[in-house]
Amino acid sequence: MRALVCHEITEDLSGVDIREVETPVPGAGEVLIKIEATSINFPDILLCQGKYQLKLTPPFTPGMDISGTIAALGENVEGFEIGDAVCGGARFGGFAEYAVVKAEGLQHKPDTLSFEQAAAYSAAYLTAYVALVRRGRLQAGETLLVHGASGGVGMAAVDVGKLLGATVIATGGSDEKLAKVKSYGADHVINTSNGFRETVKDLTDGRGADVIYDPVGGDVFDESVRCIAFDGRLLVIGFTSGRIASVATNMPLIKGFSVVGVRAGEYGRQFPDRGRENVAQIWAWARDGKTRP
């Protein structure tokens with residue numbers, strides 16, 4: 001089969017190319033999936049640069065979120081049959097014609113989602129759910145500020161934020177992309193090319209945002225500190241800007257806000273029961289047509 005293989009860890013991704021490799025064989029508790037779609041997530045890039053929390057030794061195939069049909073079953077797999085349309089998360093392996101995935105990480109693909117939508121769902125919506133519900137304690141009527149809102153995890157946060165009853169302010173660097181986010185449900189959009197602090201304060205009558213969802217980091221994090229409400233929660237999702245920011249501890253003390261780290265997958269590994277609840281909820285929303293990946 002053909003697969004995108006990282007054969008060397010490199011900063012510029014020159015160690016990644018398409019190669020012919022052996023089709024994997026599912027073991028106990030695993031299934032072989034004929035891939036229909038795989039979404040690209042920022043960790044896929046970080047894995048190939050050696051910058052992700054999970055360190056893989058080349059050669060390996062990246063690709064976390066997949067959808068497709070079951071081509072073969074390993075031993076002791078229950079609840080799935082050959083030919084079932086499925087989707088879900090793996091930590092790697094998705095950028096290939098076939099992938100072996102643990103059955104426990106799969107869902108039957110909801111009829112409400114295309115293969116492409118289903119492949120774009122798991123990581124983005126699990127991140128948004130864990131961030132906003134478990135870590136951010138977002139309440140109906142609060143103001144949510146979503147940075148990088150035109151990216152996958154950003155659009156998921158806009159979607160989940162509205163579903164939870166928040167007023168959503170979305171930021172980004174492109175008017176064209178922000179128009180899409182506005183049509184997607186954001187109450188307000190801000191082009192960050194000229195900053196966002198004063199606009200956020202104006203939109204919140206000077207209070208600031210109750211919850212800030214930040215996958216960007218760097219300067220965006222720095223400015224977020226200046227427009228967060230008292231008792232606010234500043235959620236650290238990632239650092240797509242390339243710079244890991246820091247905050248002087250007098251700022252959260254004086255302004256009474258929390259800086260909260262979010263690792264959706266690790267949250268589920270640390271708290272398995274809650275992890276299963278998280279996954280069940282986001283897929284229930286998908287089956288009911290309440291989310292729009």
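Author: Contact means heavy atoms within 4.5 Å. The model discussed here is predicted.

Reader: Which residues does V158 touch, not counting residues up to four places away in sequence?

Author: Sequence neighbours up to four places away are left out. What remains includes V146, A149, V168 and A170. The list is completed by V181, Y184, G185 and A186.

Reader: Which residues touch the most other members of the largest nonpolar core?

Author: This core holds 39 residues. V158 is one of those with the most contacts to other members. The full set is L132, L144, V158, Y213 and L235.

Reader: Which element gives the most to this core?

Author: Several helices and strands each supply at least two residues, among them α4 (152–163), β9 (167–172) and α10 (272–287). α3 (122–135) is also on that list. With 8 residues, the top contributor is α3.

Reader: How many residues are in the second, separate core?

Author: Its members include V200 and A209. L234 and V236 belong to it too. The count is 17 residues.

Reader: Why is one side of β6 and β7 left without a neighbour in the sheet?

Author: The sheet is open, with antiparallel pairing and the order β6-β3-β4-β5-β7. β6 (98–102) and β7 (106–108) therefore stand at the edges. One side of each lacks a neighbour because each has a single partner strand.

Reader: What does the twist average from one strand to the next?

Author: The sheet has 5 strands. From one strand to the next, the twist averages 45°.

Reader: Which residue in β6 does V31 stand opposite?

Author: β3 (residues 30–39) and β6 run antiparallel, joined by 5 bridges. Opposite V31 in β6 stands V101.

Key
Residues are numbered from 1 along each chain as its sequence is written. This is a predicted model: local features need pLDDT of at least 70, side-chain atom pairs count only at pLDDT 80 or more; totals for chains, interfaces and linings use all residues. Side-chain values use heavy atoms; hydrogens and water are left out. A nonpolar core is a set of buried Ala, Val, Leu, Ile, Met, Phe, Trp, Tyr and Cys residues joined through side-chain atoms within 4.5 Å. Buried means under 20% relative accessible area, exposed over 50%, partly exposed in between (1.4 Å probe, protein chains only). Helices (H or I, at least four residues) and strands (E, at least two) are DSSP runs, numbered from the N terminus. Two strands pair if DSSP finds at least two bridges between them. Axes are lines fitted to C-alpha atoms, for helices over the stretch in contact, and angles run from 0 to 180 degrees between N-to-C directions.
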